[in-house]
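Subject: A structure for you to look at

Hi,

Here is the structure I promised to pass on. Have a look around it first, then read my notes underneath.

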Amino acid sequence: MSWTVRAKISEVSLLDINSAVGLNTKSMFDKVYGAQQTMFITCDVTSGNQLKDAFKKTTENFLQLDIVCNNAGVGNETNWQRCLDINLVSVIRGTYLGLDCMNKKTGGAGGVIVNVSSMAGIYPVIFGPVYSASKHGVVGFSRAVAGASAAESLGVRINVLCPAFTDTPIMKSISSPEMLGQFTGLDQLAVQAVAALGIIDPSLVAEGFLQLVTDETKNGDVMKVSKQKGIDYEKYSKSLW
Ligand SMILES: NC(=O)c1ccc[n+]([C@@H]2O[C@H](COP(=O)([O-])OP(=O)(O)OC[C@H]3O[C@@H](n4cnc5c(N)ncnc54)[C@H](O)[C@@H]3O)[C@@H](O)[C@H]2O)c1
């Protein structure tokens with residue numbers, strides 16, 4: 001599932017541009033939690049209006065928003081502007097919409113936002129320069145806005161999740177011409193990177209996600225998830241001054 005807004009612990013609003021994927025995910029959730037607990041909204045996260053509308057529908061239906069996960073992402077060095085729009089601009093917009101709903105200073109009940117970056121947001125990935133830039137942007141933006149939220153006492157924590165290669169559909173096109181754009185000649189580097197790092201199970205990423213949501217000491221934290229080290233955190237100096 002690409003992008004989720006979650007309201008209350010047991011109520012989830014799922015968003016994706018791909019209705020088939022979204023409805024399939026909803027039906028799996030329905031079997032476990034019941035049909036009323038989950039809603040699916042078809043949404044292109046690059047559309048400001050569609051995203052705003054999805055937050056509105058979610059809060060109207062579930063009354064309160066507690067957790068936001070900005071997760072939609074693509075690799076596309078061919079249409080690299082769309083890659084930036086989906087991976088970075090929409091994450092910024094989703095974060096601000098989440099803050100609008102949860103900000104304690106404007107009537108919200110507080111909450112937590114998890115923005116999905118990647119190991120490519122910490123290390124340069126040479127076969128995906130724009131993907132890497134977008135994910136570095138998610139890390140930088142999230143750390144800065146987390147500091148702003150704390151300094152302004154908004155009651156909203158913002159953390160970043162950086163998985164390594166994970167067993168999801170995106171992996172099928174990791175060395176495709178569309179993914180690599182002008183760097184299709186580096187396709188074997190992509191294949192070698194996967195062979196060297198391995199592919200992790202999504203359940204480990206889910207475990208990391210839950211830690212970022214539930215551990216109230218985490219704000220502006222950047223979690224890495226990898227086959228080699230499991231769940232660990234990137235260390236940064238807190239401030240320039
Ligand atoms: N799988 C990996 O190896 C890996 C590693 C690091 C980070 N990530 C990141 O994890 C996140 C989830 O990716 P995934 O691995 O589940 O891949 P995925 O391809 O299975 O999921 C991505 C989803 O995003 C949706 N999407 C694409 N464009 C959209 C748009 N404009 N609006 C709404 N939804 C849109 C797609 O329909 C798809 O369901 C992404 O941000 C990705 O960059 C994945």
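Below is what turned up, going from the whole chain down to single residues.

One thing to keep in mind from the start: this is a predicted model.

**The whole chain**

If you colour the protein chain by secondary structure, you should find seven helices and eight strands. How compact is the protein chain for its length? Its radius of gyration is 17 Å, and the globule rule gives 18 Å for 241 residues, so the chain is as compact as a globular protein of that length. Laid along its principal axes, the C-alpha trace spans about 50 × 50 × 30 Å.

As for what is tucked away, 49% of the 241 residues count as buried. On the outside, the protein chain exposes about 12,100 Å², and carbon and sulfur atoms supply 57% of that area. It's also worth thinking about who touches whom along the sequence: take the contacts with a separation of 6 or more, and 67% of them are between residues 24 or more positions apart.

**Two helices that cross**

Next, zoom in on helix H2 (residues 48–62) and helix H3 (residues 80–102). Their axes come within 11 Å and cross at roughly 30°, and the crossing is right-handed. Which residues make the contact? From H2 you have Gly48, Leu51, Lys52, Phe55 and Thr59, while H3 brings in Ser90, Arg93, Gly94, Leu97, Gly98 and Cys101. Sorted by class, that makes four nonpolar, five polar and two charged residues. Try showing those side chains as sticks and turning the view until you can see both helices.

**Two residues with a positive phi**

Here's a bit of background for this part: most residues other than glycine have a negative phi. With that in mind, two spots are worth a click.

Leu63 is not a glycine, yet its phi is near 75°. You'll find Leu63 in the loop between H2 and strand E4 (67–70). Is Leu63 buried or exposed? Its relative accessibility is 68%, so Leu63 counts as exposed.

Ser153 isn't a glycine either, and its phi is positive too, at about 50°. Where does Ser153 lie? Look in the loop between helix H4 (129–151) and strand E6 (156–163). Ser153 has a relative accessible area of 51%, and because the cut-off for exposed is over 50%, Ser153 counts as exposed.

That's everything I have for now. Shout if you get lost while clicking around!

Cheers

Definitions and conventions:
Residues are numbered from 1 along each chain as its sequence is written. This is a predicted model: local features need pLDDT of at least 70, side-chain atom pairs count only at pLDDT 80 or more; totals for chains, interfaces and linings use all residues. Side-chain values use heavy atoms; hydrogens and water are left out. Axes are lines fitted to C-alpha atoms, for helices over the stretch in contact, and angles run from 0 to 180 degrees between N-to-C directions. Helices (H or I, at least four residues) and strands (E, at least two) are DSSP runs, numbered from the N terminus. A crossing is left-handed if the near helix is turned anticlockwise from the far one by less than a right angle, and right-handed if clockwise. Contact means heavy atoms within 4.5 Å. Ala, Val, Leu, Ile, Met, Phe, Trp, Tyr, Cys and Pro count as nonpolar, Asp, Glu, Lys and Arg as charged, and the others, Gly among them, as polar. Buried means under 20% relative accessible area, exposed over 50%, partly exposed in between (1.4 Å probe, protein chains only). The radius of gyration is taken over C-alpha atoms; the globule rule is 2.2 Å times the number of residues to the power 0.38. Accessible areas come from the Shrake-Rupley method with a 1.4 Å probe; for residues, only the protein chains shown count as cover.
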